[in-house]
Amino acid sequence: MKISEIGEFGLIARLSRQVERHDTGVVVGIGDDAAVLEVQPGQQLVATCDMMVEGRHFSLAYIHPEQLGHRLLAANLSDIAAMGGRPRWALVGLGVRDGLEVETLEGIYRGMAALASLHGVTVVGGDTCRNPERLVLDLTLLGEVPRGRYLLRSGARPGDLVAVTGTLGDAAAGLAWLRSGRANRTDEGCYLMDRHLTPQPRVRAGQLMLASRAVSAADDISDGLASEANEIAAASGVRLRLEAGQIPISRQARWAAKSLGGNPLRWALRGGEDFELLVTLAAEAYPELAAQLRTELDLPLTVIGQVEEGRGVALVEPDGRELELKAEGYNHFREE
């Protein structure tokens with residue numbers, strides 16, 4: 001069905017049905033000029049937004065609408081996770097290109113709604129407009145953090161450990177596998193494509209980190225480890241020294257690198273979109289927090305370096321060579 005057949009208000013009504021959910025914090029939801037929301041006592045509002053443009057950030061040739069909706073919300077959830085917050089409410093902006101079918105947009109909203117239900121998020125509004133050339137998706141996510149308590153990039157201290165959740169480079173490996181056009185029936189290929197198409201933001205891990213009071217700085221890995229490490233170093237006024245041999249890379253990513261002639265370490269450093277968490281924390285607090293994440297979430301927390309006096313980020317190769325690691329992750333304004 002074409003959008004022109006039902007019009008803007010018909011489209012809004014159909015999309016709204018995909019995301020209906022009761023939330024006691026929603027005083028006024030979809031259907032009025034603006035939403036009215038109630039923050040819980042003792043909490044502060046935390047807000048983030050993310051935009052995805054067809055042809056730049058995704059292609060409907062290889063991503064299903066449900067997966068696209070999932071990824072759009074996941075990127076925002078990951079930002080809330082890095083603050084240690086609880087996600088609550090989402091507003092969605094659509095720039096709809098000519099010829100796009102209603103069913104595609106409904107699929108996007110279904111994928112968004114499925115992930116939202118896992119994290120207690122309610123879509124409370126948004127906007128739609130016509131954008132003739134390409135589909136543009138813009139999502140704003142609002143959440144809560146305890147008053148005066150949140151994780152920032154700026155708290156790293158010399159002597160802290162540097163650690164990451166999960167494994168890095170899987171999303172970039174999955175994208176490389178998709179683009180290769182190879183058969184995707186292998187377990188390894190399917191795993192990596194899932195990591196790229198339907199990443200799992202570490203919302204609960206961020207909340208546990210905040211509650212532990214052990215984490216001094218945090219960032220989500222959306223643009224690649226190199227970029228995020230430099231962000232923490234710059235914000236904290238310190239130097240991060242990372243051990244290349246300690247960066248956790250999955251056997252699936254190593255398999256893909258061997259099959260495609262890629263570099264798994266480069267995927268981990270530059271690829272981005274893993275949506276894992278990069279944190280600094282006191283050495284004495286690491287064993288307890290790592291055990292908690294493993295027990296409650298089956299999520300590894302791996303030490304990959306330490307914080308030192310100075311500026312920038314150093315990468316120590318397995319042979320002992322030390323390289324300056326520049327912030328060369330994903331760049332939205334890089335010329336193609």
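**Two open sheets and their helices in a predicted model**

Leu242 of strand β9 stands opposite Gly305 in β11. The model is a predicted one. This pair belongs to an antiparallel ladder, in which β9 (residues 239–243) and β11 (residues 301–308) are joined over four bridges. On β12 (residues 312–316), β9 has another partner, and here the strands run parallel, with five bridges between them. Within that pairing, Glu243 has Val316 as its bridge partner. Strand β9 is mostly covered, with four of its five residues buried.

These strands are part of a larger arrangement. Seven strands make up an open sheet with mixed pairing, in the order β8-β10-β7-β11-β9-β12-β13. The edges are taken by β8 (215–220) and β13 (322–324). Each edge strand has a single partner, so one of its sides has no neighbour in the sheet. From one strand to the next, the twist averages 25°. Strand β7 (residues 161–165) also pairs with β11, in the antiparallel sense and over five bridges. In this pairing, Leu161 stands opposite Gln306 of β11.

Two helices pack on this sheet. Helix α10 touches β7, β8, β10 and β11, and its direction makes about 150° with that of β11. Helix α6 lies across β7, β8, β10 (277–281) and β11. Its direction runs at about 10° to β10. The two helices also pack on each other. The axes of α6 (residues 203–212) and α10 (residues 286–297) are 11 Å apart and meet at an angle of about 145°. Their crossing is right-handed. On the α6 side, the contact is made by Arg204, Ala205, Leu208, Met209 and Ser212. On the α10 side, it is made by Leu289, Gln292, Leu293, Glu296 and Leu297. Sorted by class, this contact has six nonpolar, two polar and two charged residues. A regular helix explains part of such spacing: an α-helix has 3.6 residues a turn, so residues three or four places apart point the same way.

Val215 gives a local view of this region. The residue lies in strand β8. Val215 is buried, with a relative accessible area of 10%. Beyond residues up to four places away in sequence, Val215 touches Leu151, Met209, Val279, Thr280, Leu281 and Leu289. Met209 and Leu289 also take part in the contact of α6 with α10. The C-alpha atom of Val215 is separated by 43 Å from that of Asn131, and the two residues are 84 residues apart along the chain.

A second open sheet has four strands. Their order is β3-β6-β4-β5, and the pairing is mixed. Strands β3 (43–53) and β5 (122–130) stand at the edges. Each has a single partner strand, so one side of each is left without a neighbour in the sheet. The twist here averages 15° from one strand to the next. Strand β4 (residues 86–96) pairs with β5 in the parallel sense, over eight bridges. Trp89 stands opposite Thr122 of β5.

Helices pack on this sheet as well. Helix α2 lies across β3, β4 and β6 (136–146), running at about 145° to β3. Helix α3 (residues 102–118) touches β4, β5 and β6, and its direction makes about 170° with that of β4.

Helix α5 (residues 187–197) has a set of buried residues: Gly189, Leu192, Met193, Arg195, His196 and Leu197. The charged side chain type is thus represented among them by Arg195. The cover over these residues includes α2 (65–83), α4 (170–180) and α8 (251–260). Helix α2 therefore appears in two settings, as it also lies across strands of the four-stranded sheet.

The cysteines were examined for disulfides. The count comes to zero. The cut-off is a sulfur pair within 2.5 Å. For Cys49, the closest cysteine sulfur is in Cys129, 16 Å away, which is too far for a bond. Cys129 is likewise in no disulfide, with the sulfur of Cys49 as its nearest. Cys129 is partly exposed, and its relative accessible area is 45%.

Note on methods: Residues are numbered from 1 along each chain as its sequence is written. This is a predicted model: local features need pLDDT of at least 70, side-chain atom pairs count only at pLDDT 80 or more; totals for chains, interfaces and linings use all residues. Side-chain values use heavy atoms; hydrogens and water are left out. Buried means under 20% relative accessible area, exposed over 50%, partly exposed in between (1.4 Å probe, protein chains only). Two strands pair if DSSP finds at least two bridges between them. Axes are lines fitted to C-alpha atoms, for helices over the stretch in contact, and angles run from 0 to 180 degrees between N-to-C directions. A crossing is left-handed if the near helix is turned anticlockwise from the far one by less than a right angle, and right-handed if clockwise. Contact means heavy atoms within 4.5 Å.
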